[in-house]
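Biologist: Could you take me through the salt bridges in this one, pair by pair? I'd like to hear how each partner sits, and then whatever else is worth a look.

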Amino acid sequence: MKALTCFFCSILFVFAASLPTYAQIADPSKTTSSNAQDTSLIVTDTTKNHLKTTEGTDTVVMKDQDGLETVVTIVANDSSWNQVNKNILHLYKGAKVKYQEFELAADYIRLDRNTNELFASGVTDHNGKYVGRPVVIFPGDTPKSVDSLIYDYKTKEGNTYGIMTEQDGAYIQAKVVRKNLYDELSLRTGMYSTCNLPFPHTHFGIQFTKGLMAGNHIIVGPAYLVVENIPIKFVAIPFGFFPRQNKRASGFLFPSFGEDATRGFALRDIGWYLAFNDYWDSEIRASLYSKGSWEANVRTNYLVNYKYSGGFNIRYASTKAGVEGTENYGTNKDFNVTWNHTQRQEANPGTSFSASVNFGTGSYFRNTGFNQTNSIEDVTRNNMSSSISYGKVFADGKVNFTSSLSHRQDISTGQVDLELPTFSLNVSTFNPFDSKNRVGDQKWYQRITVGYSLQGRNSISIKDSLLFKKEALNQFSNGFQHNIPISLSLNAFKYFQFNTSVNYTERWYLQSTRKRLVNEINGFSQVVDTVQGFRRAYDYSVSSGLSTKVYGMYPKMGKIEAIRHVVTPSVNLNYRPDFSDPRYGYYREFVNENGQLEKYSIFEKGIYGSPSAGKSMGIGFSVDNNLEAKIRSENDTTGKGFKKVKILQGLTFSGNYNFMADSLKLSTISFSGRTSLFNEKINLNFNGTLDPYIVNSEGMRVDRFVVQEGGLARLTNFGLSFDYSLNPQANKSRNNNLDSLRNQMPNMTKEQADALARISTDPNAFVDFNIPWNLNGSFSMNYNKNWDSEQRRMRSIVTATVNLNGDFNVTPKWKIQFNTGYDFRQQALSLTRFSIYRDLHCWDMSVGWTPFGQYKSYNITIRAKASVLQDLKLTKRESHYRY
């Protein structure tokens with residue numbers, strides 16, 4: 001309503017200032033002295049009744065009420081008629097009157113000086129359509145369109161007919177609006193709707209017969225609800241009084257209603273909105289169930305432009321479980337806390353701070369099931385994680401400090417991993433022997449680079465039930481690690497790259513361990529003691545190697561013009577001393593409970609590990625392959641059109657051979673690769689591990705190669721995954737729309753970002769009717785071969801899943817979406833859900849259905865698209881979820 005008031009006030013002010021100017025143009029005694037005569041094209045009078053036709057642009061310099069000169073411009077694309085004997089000016093087709101920053105455009109404008117009246121309207125074209133409606137543009141405002149308007153510039157009163165304006169996503173229409181001398185606006189036959197059509201076909205709004213807008217309030221006469229153009233007058237109100245505020249206001253949040261098979265009838269999300277100021281607001285909501293369960297949450301958002309934004313949400317639920325009167329009946333109490341904070345880069349250059357926190361009881365989403373705030377992803381998630389990070393850059397970007405607090409929680413096992421905190425200090429590599437005033441190329445020693453990094457960690461891994469107990473403080477593990485890499489890279493023998501490096505690592509710990517035996521009734525048992533006190537441990541290694549590239553070309557074959565094979569082999573010689581030697585003091589010996597002498601590291605529980613035992617001197621090797629083909633294009637008639645096809649984008653094998661090992665000198669061979677098929681519509685990735693040694697009847701690797709047994713190597717692990725879209729333009733269009741939404745909301749909260757991430761499966765978030773259909777599929781498989789101690793044999797485990805999702809238009813306004821999958825190991829369908837969406841122009845309707853499984857349910861939602869009416873919902877939801 002604020003925009004409507006500003007609109008009418010601007011009309012009256014500008015018309016009052018500009019209309020006397022129009023009258024002077026129409027005055028025959030003054031048209032000859034004005035420059036309108038100089039710029040107008042005079043057409044022969046064909047009617048012989050004192051009418052003249054002019055075309056083009058008229059301009060006149062006049063004085064306004066303050067005595068200042070101003071220019072009034074009149075444009076008529078078709079013609080303008082000056083009816084001198086009646087003192088009336090007519091403007092036709094694309095007529096425009098411009099006064100300072102005010103503009104009035106219409107297909108017909110009439111100025112009558114005799115009655116002091118200005119009239120503007122559209123015209124009816126040859127098809128019988130009303131076109132060329134008046135459009136008024138005010139300084140700093142958007143154009144406003146009306147059916148017609150009439151104004152008396154002497155009495156400063158007038159009527160506007162068929163006005164429509166938008167206010168916060170809703171539309172206000174009125175057949176007649178009139179303004180008096182006291183700046184009061186009278187409205188007759190008005191309508192408040194969420195639809196931008198003159199006659200809303202799915203109208204749900206409020207219609208009033210009379211209204212008055214004055215100052216900071218609105219008074220309306222009898223008002224009643226209209227649904228689908230059907231007036232519901234039996235719920236009419238005789239009058240209404242509404243204050244007009246120019247800022248956000250606190251108020252009631254309308255609830256939704258539903259039913260849950262376990263918790264009973266529900267009153268969901270009833271609450272109160274709190275608007276504190278322009279920087280932060282909050283909402284308090286609660287859900288009540290007829291069988292005694294309840295939920296409550298407090299959501300707060302804050303935003304300071306160009307500095308930072310964020311929000312937090314605290315949720316608590318008390319859920320009744322089991323059958324009342326039985327032993328398993330009880331109450332589950334759960335909570336969940338989220339906090340997100342984002343800092344703008346320009347707010348504090350060189351410093352960054354961000355937060356993404358999500359923690360609580362692991363059973364919160366499982367016990368609360370589906371509701372207005374939980375999604376399928378929430379209910380089926382297996383873990384929660386949080387991170388709060390801070391970063392600072394020093395010394396012109398050469399030193400970078402980062403610190404973070406993180407949390408990871410496995411919901412299925414209840415295991416919680418905390419990092420309180422983790423930090424790192426990294427210094428960019430530099431050339432200590434190079435000179436700033438060097439002339440010419442670098443000498444070999446000037447190419448030596450040195451770096452430095454420092455890491456620190458304080459972590460704990462514990463069950464969530466023990467997290468807040470005093471004993472948990474003694475289970476924290478902490479330490480520091482320094483790393484100094486020194487490297488040199490040179491060109492050797494023209495075609496080779498020579499690399500050598502020395503890596504020094506030092507660890508600082510505040511705890512170390514000792515092992516001992518305790519004599520008990522049933523024999524001896526092993527005990528590990530934690531010894532407090534500062535200890536340091538260092539190690540170093542040396543490596544030198546060569547690498548090169550080998551190019552191979554295969555001959556022309558049919559349409560294949562050429563095939564290029566690029567092989568990148570590398571080999572390095574590495575050495576590491578035996579840090580289990582007693583002179584270092586890192587390892588100790590003790591006799592275990594089986595009477596065997598055992599060597600252990602006193603830093604084996606250290607957060608950064610322990611220096612390795614055993615001397616190592618070996619050769620590391622790796623081979624990478626890339627294969628591409630050049631194929632002649634079928635659509636090219638010149639014979640010069642080719643396209644590149646990627647056969648193998650990478651196929652890498654790597655391993656190591658240790659000369660100093662007493663047995664099993666060759667390590668396992670790792671391989672990985674990727675490629676794309678069918679014009680890069682399918683992305684294929686694979687990886688695996690090959691073991692060159694055989695295993696004996698006890699499942700132990702023995703020093704005998706598989707080749708000696710007639711094979712090549714044992715495949716112990718293999719993974720394969722790929723995805724495919726039958727309509728890649730659908731994903732491209734969705735990504736473009738996501739980018740557009742992100743550009744519209746540059747300061748979006750984490751919740752808004754998560755909503756955008758769920759757009760592909762949430763019909764209420766976004767549905768692209770421009771894409772008639774879409775079908776995506778993905779497949780993943782993993783193979784492992786391990787020793788089964790119970791069956792005393794090698795056992796192969798294969799897991800494979802396939803997922804399918806897509807959507808299609810039934811009609812231009814109906815869309816069906818689906819998401820399903822199949823687990824071949826479990827031989828069961830994964831979570832399957834169907835969504836039906838109907839576009840009602842200014843309303844949305846969606847139906848969600850999970851036909852089977854643990855979360856079997858359905859829900860029906862009807863809501864207005866306008867943001868001001870997002871809480872006006874009609875929801876029917878039924879859940880068969882059992883706790």
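Modeller: Here's a walk through the salt bridges, then one threonine, then the nonpolar cores. Bear in mind that this is a predicted model: local features need pLDDT of at least 70, side-chain atom pairs count only at pLDDT 80 or more, and totals for chains, interfaces and linings use all residues. Residues are numbered from 1 along each chain as its sequence is written, and side-chain values use heavy atoms, with hydrogens and water left out.

Side chains of opposite charge can pair when their charged atoms come close. The rule here is a side-chain nitrogen of Lys or Arg within 4 Å of a carboxyl oxygen of Asp or Glu, and the count by that rule is 16 salt bridges.

Take K515 and E604, whose closest N and O atoms are 3.3 Å apart. K515 sits in strand 33 (residues 496-520) and E604 in the loop between strand 38 (597-601) and strand 39 (616-632), so this pair ties together parts that are 89 residues apart in sequence. Strands here are DSSP runs of E, at least two residues, numbered from the N terminus. K515 is buried at 14% relative accessible area, while E604, at 38%, is partly exposed; buried means under 20%, exposed over 50% and partly exposed in between, with a 1.4 Å probe and protein chains only.

Next, R704 and E709 meet N to O at 2.4 Å. R704 is partly exposed at 34% relative accessibility, and E709 is partly exposed too, at 48%. Back at K515, shared partners join K515, E598 and E604 into one salt-bridge network. Then there's E283 with R285, at 3.0 Å between the closest N and O atoms; both of these residues are buried.

Now the threonine. T716 lies in strand 45 (residues 714-725) and is buried, with a relative accessible area of 17%. Its C-alpha atom is 5.8 Å from that of T689, 27 residues away along the chain. Leaving aside neighbours within four places in sequence, T716 is in contact (heavy atoms within 4.5 Å) with T689, D691, Y783, N784 and K785.

Finally, the cores: sets of buried Ala, Val, Leu, Ile, Met, Phe, Trp, Tyr and Cys residues joined through side-chain atoms within 4.5 Å. The largest has 25 residues, and L91, L104, I109, A120, L149, V177 and L187 have the most contacts inside it. Among the elements giving it two or more residues are strand 3 (69-83), strand 4 (88-99) and strand 5 (102-112). Another core, of 12 residues, lies apart from it and includes Y509, Y584, Y586 and Y608.

Methods
Helices (H or I, at least four residues) and strands (E, at least two) are DSSP runs, numbered from the N terminus.
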